[in-house]
Structures are given as C-alpha cells and as structure tokens.
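Me: I want to go through this structure one question at a time. Please keep the answers short and show the reasoning.

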Amino acid sequence: MKKNTFMTLAKRGSLTFFLILPFVVFSQEPTQTQAETESFWDHVQFGGGLGVAIGNDFTDITVAPSAIYNFNEHFALGTGLQYSRLKQKNFYASNVVGASIVGLYNPIEEIQLSLELEEVHVNTTYDDLYDSVKRSFWNTGLYVGAGYRADNVTIGARFNLLFDKDKDLYGDAFMPFIRVYF
C-alpha cells in the first residue's frame, strides 16, 4: 500500500511540475540593466538661446544652440555654439562667433552649479566723425555659476573668472542667465 501511495504522489508531483514549468520559464524577463537598454540619445538634451532686439537704427541678433549629455541625475557635460550680430547704424557693428563647453552638477534636484569655458572671436568696427576703428580679437571666459532649477529650466547667475574690463567683450563679469534644455 505504501508503494502505491508513493507512486501516486510521484505521478501527481511530476505532472504538476511539468505543467507549471513552462509558465515559470516563459514568465522570466531578460535580465538587462538599465544602462544596457538605454541608447546614447536617451541621455542627450538640446537647448540654447535665441535673442532678437530691433530698434531705431539698432539691431541685435543672437543664436546660441547647445546640447548636454546627462551621465546621471547629478552630472552633465555639454557644448554650445554662438553667433551674435550687433549693429547701430553709422556708429558700431560687431560679429561674435564662438563655442563653449559646460559642466553641470546638481547636488540636489533644485540646485544647479556650472563651470563653463567660452571662446569667441570678435570683429568690431567703430565709426565716428573723424575715423573708423576696427578691432579683431579672441575673448576667453571661464564662468562659475549657480542657479535654481525647476524641471528643464534653470534661472541663475554666472561670474567670469577671467574678466578684464579693458579687454573683455562683455561690460561686466557678473551675468544672469536662463538655461533651458529639452
């Protein structure tokens, strides 16, 4: 009698095992980490700046696209291009062309710290009653900045550590900014 009971239990156990096995095997998902399933472009954000000011005999146009790569929620590294045209009729004209590299650090979600290196080439022409003065020079800026971040928008300020009031393109070392990445 013991042998019969054992055989019946063994048959039932084997049948149950073979009926459940396909569900267990096919319900398993491949074990890939998040880094393996995400592509390079999943970490890239695009943004930049666009500025237009037009007035009485005055034009100022700036186009500055940029992109960053997010290594994780704390660190990002990016690059940008810049072109500006500033003209005041019969007095001043300037073309500024350049590039920048920016590193971003978010110690917490709402705070963004930045370090940016900018290199631009400047061509200017000043006209007055007696003379026309042309200048062509390179301008380097090394900016440290901080801002308040809400989603993809950061509002803050940056300071140019290499600012020289006699040789610099900008009028001040301190600059407010609004940074947007999509």
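The questions below start with the whole chain and then turn to single residues.

Me: What is the mean pLDDT of the protein?
Reply: The model is predicted, so confidence comes first. Of the residues, 80% reach 70 or more. Over residues 15-28 the pLDDT is below 50, and beyond near neighbours in sequence this stretch has zero contacts in the model. For the protein, the mean pLDDT is 84.

Me: How many helices and strands does the secondary structure come to?
Reply: Along the sequence the pattern reads α-α-β-β-β-β-β-β-β-β. The helical symbols are written ahead of the β symbols. The secondary structure comes to two helices and eight strands.

Me: What percentage of the 182 residues in the protein is buried?
Reply: Buried means under 20% relative accessible area. The accessible surface of the protein is about 13200 Å², with 63% of that area belonging to carbon and sulfur atoms. Among the 182 residues, the buried share is 23%.

Me: Which residues make up the largest nonpolar core?
Reply: In soluble globular proteins, nonpolar side chains tend to be buried together. Ile 68 is one of the core residues. Leaving aside neighbours within four places in sequence, the contacts of Ile 68 include Ala 76, Val 102, Leu 104 and Tyr 181. The five core residues are Ile 68, Ala 76, Val 102, Leu 104 and Tyr 181.

Me: Which strands each supply at least two residues of the nonpolar patch?
Reply: The patch lies on the surface and covers about 810 Å². Its members are Phe 71, Phe 75, Leu 77, Ile 101, Tyr 105, Ile 108, Ile 111, Leu 113 and Leu 117. At least two of the patch residues come from each of strand S3 (75-88), strand S4 (92-108) and strand S5 (111-127).

Me: Why does Leu 117 count as partly exposed?
Reply: Leu 117 lies in strand S5 and belongs to the nonpolar patch. The partly exposed class runs between the buried limit of 20% and the exposed limit of 50%. Leu 117 falls in that class because its relative accessibility is 43%.

Me: Which side chains meet in a salt bridge?
Reply: The count of salt bridges comes to one. Its N to O distance is 2.8 Å, and the cut-off is 4 Å. The side chains are those of Glu 116 and Arg 158.

Me: How many residues apart are Glu 116 and Arg 158?
Reply: The salt bridge joins the side chains of Glu 116 and Arg 158. This pair links distant parts of the chain, with Glu 116 in strand S5 and Arg 158 in strand S7 (residues 153-160). Glu 116 is buried at 11% relative accessible area, and Arg 158 is buried at 13%. Along the chain they are 42 residues apart.

Me: Is Ser 114 buried or exposed?
Reply: Ser 114 lies in strand S5. Leaving aside neighbours within four places in sequence, Ser 114 is in contact with residues including Val 102, Leu 104, Tyr 143 and Arg 179. With a relative accessible area of 9%, Ser 114 is buried.

Me: What distance separates the C-alpha atoms of Arg 135 and Asn 123?
Reply: Arg 135 lies in strand S6 (residues 132-150) and is partly exposed at 35% relative accessible area. Beyond neighbours within four places in sequence, the contacts of Arg 135 are Val 122, Asn 123, Thr 124 and Tyr 126. Arg 135 and Asn 123 are 12 residues apart along the chain, and their C-alpha atoms are separated by 5.8 Å.

Terms used:
Residues are numbered from 1 along each chain as its sequence is written. Side-chain values use heavy atoms; hydrogens and water are left out. Patches are made of residues with over 30% relative accessible area and no salt bridge: like charges are joined within 9 Å, nonpolar side chains (Val, Leu, Ile, Met, Phe, Trp, Tyr) within 5 Å. Accessible areas come from the Shrake-Rupley method with a 1.4 Å probe; for residues, only the protein chains shown count as cover. Helices (H or I, at least four residues) and strands (E, at least two) are DSSP runs, numbered from the N terminus. Buried means under 20% relative accessible area, exposed over 50%, partly exposed in between (1.4 Å probe, protein chains only). A nonpolar core is a set of buried Ala, Val, Leu, Ile, Met, Phe, Trp, Tyr and Cys residues joined through side-chain atoms within 4.5 Å. Contact means heavy atoms within 4.5 Å. pLDDT is the predictor's confidence in each residue, from 0 to 100.
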